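Colleague: Could you take one part of this model and go through it slowly with me, as you would for someone in their first year? I would like to see how the pieces fit together.

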Amino acid sequence: MENSILQQLKSRLREVHDLERAGAVLYWDQATYMPPGGSPERGRQLGTIAQIAQEKFTDPAVGKSLDQLQSLTESLPHDDDDASLVRVTRREYDRAIKVPPSFIAEVYQHITTTYQAWAQARPENDFEKMIPFLEKSLDLSRKMAGFFPGYDHIADPLIDLSDYGMKATEIRKIFSSLQEELVPLAKKISSLPPVDDSCLRRRYPHDQQMFFGERVIRQFGFDFGRGRQDKSPHPFTIKLSMGDVRITTRIKEDDFAWGFFSTTHEAGHAMYEQGVNPEFEGTPLDGGTSSGVHESQSRTWENIISRSLSFWEFFYPKLRETFPDALEDVPMEDFYRAINKVQPSLIRTEADEVTYNLHVMIRFELEMQLLEGTLAIKDLPEAWHKAYNTNLGIQAPSDTDGCMQDSHWYSGLIGGAFQGYTLGNIMSTQFFDQALASHPEIESEMAKGEFQTLHNWLKENIHQHGKKYTASELIKRVTGKDLDISPYIQYLKNKFGTLYSL
Ligand code: ZN
């Protein structure tokens, strides 16, 4: 559709987008190379940019253009690019005008100081120090929800920010059916003799780890001409433009899995962003559609691919060449068992595929209770330990590895930050099964180190659409079904049933 109102809207949106991406550069710098002294000022700078972007986006002129375009695009099909642009922009605009720009700036300022305090308090195991920060975060989170009256559950507006359209009640239902399957599976495996995974903790020199990880993700299809990898304590993916999508990883020389699976995970996120239709650049359609769908992409490459036997059939000889001292006497099958060892553990990001979702569900449930007011911040450590005992049969010796382990509650609002991980795991198998149904050769290609068929399928069916479809629309479109846990349960039972001869 050629239309001057549309052109005006697009150029306004591009300005907003430019500001947001400039903020992203500042954020990337903060999370990678900025000295600690830069922190307070950086918080203010990020807040200022976010506020200006918000003011530009919520200008009544944007609303007026959207009103005018509504009637013009109504007759267009749902999947038309312009109709989708108007629909998605409308949704984000209606949401944005409800939140005062001064509130956004206050949130940015607060989370920057909270994050800084957490970075110090966590190693000192000082949860006490974090209580006032978290109480304010909870207060801000409730205020945020309050800008969207009419919700069923106070967490719904917060969940909408990352997984649009998902409801707390629905997620609780999905999670409890998953929990019913996972707790017994984890228990059954835990009762067996533990797998020896000591081969993963031999010496893996830093540079070779970086080299090997980059080699693998290049082969996946991560485009280094439009991206790069750096290091940060908490790995993340960030999009600075369509042609510049960056990931970070972390390296421990005595732990191969720590860095490698971070790299393949983040590459999955980044390839999603690199694959968005270039026509969407600078508009609200440019980006992954929800945190769940995003996570489905990272999990595909991290778990379904990088933790599969087929993948290592090709890569294990290369890995051995790269780390001859560490792996000379380790047969591939032992290495494969080691990287898939199931064991209830304290740290979410290091958890295996079977217990991982239990970590997520614990956090989701605690968030719900904090927001509902049935749990006070000061009682969080105790509630945390209790939940770990019930679900995983273990207890952290400290809050450092308890309720202070993840940065989420200390770098953002409370509510809506965790469900996407498990929703993504569920979706990843739904999508992958569909890809296999269309291209059964994907499996044998993996064993030859070829990933193009899979990557192209993901680009075609998921990546290119950006935010055009909501997560539920996308799942329906790609698989013909709604979100469904059975393929995921089947995947886990097949894989770990074989591994542990259940
Ligand atoms: Zn992720």
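Modeller: Let me begin with a term: a donor is an N, O or S atom within 2.8 Å of the metal, and because water is not among the atoms, a site may look incomplete. With that in mind, and remembering that this is a predicted model, we can turn to the zinc ion, which is coordinated by NE2 of H265, NE2 of H269 and two OE contacts from E295, at 2.1 to 2.6 Å. Along the sequence these donor residues follow the spacing H-x3-H-x25-E. Since H265 sits in helix α10 (residues 256–274) while E295 sits in helix α11 (residues 291–305), the pair ties together parts that are 30 residues apart in sequence. Both of these residues, H265 and E295, are buried, a word that here stands for a relative accessible area under 20%.

The geometry deserves the same care. For four tetrahedral donors the ideal angle at a metal is 109.5 degrees. To count as tetrahedral, four donors need all their angles to lie between 85 and 135 degrees. Around this zinc ion, however, the four donor atoms subtend angles of 49 to 125°, and the arrangement is therefore irregular. When you look at the site on the screen, then, you can start from the side chains of H265 and H269, add E295, which appears twice among the donors, and then follow H265 back into α10 and E295 back into α11.

Technical notes
Residues are numbered from 1 along each chain as its sequence is written. This is a predicted model: local features need pLDDT of at least 70, side-chain atom pairs count only at pLDDT 80 or more; totals for chains, interfaces and linings use all residues. Side-chain values use heavy atoms; hydrogens and water are left out. Donors are N, O and S atoms within 2.8 Å of the metal (3.2 Å for Na, K and Ca); water is not among the atoms, so sites may look incomplete. Four donors count as tetrahedral if all angles lie between 85 and 135 degrees; four count as square planar and six as octahedral if opposite donors are over 155 degrees apart and all others between 65 and 115; anything else is irregular. Helices (H or I, at least four residues) and strands (E, at least two) are DSSP runs, numbered from the N terminus. Buried means under 20% relative accessible area, exposed over 50%, partly exposed in between (1.4 Å probe, protein chains only).
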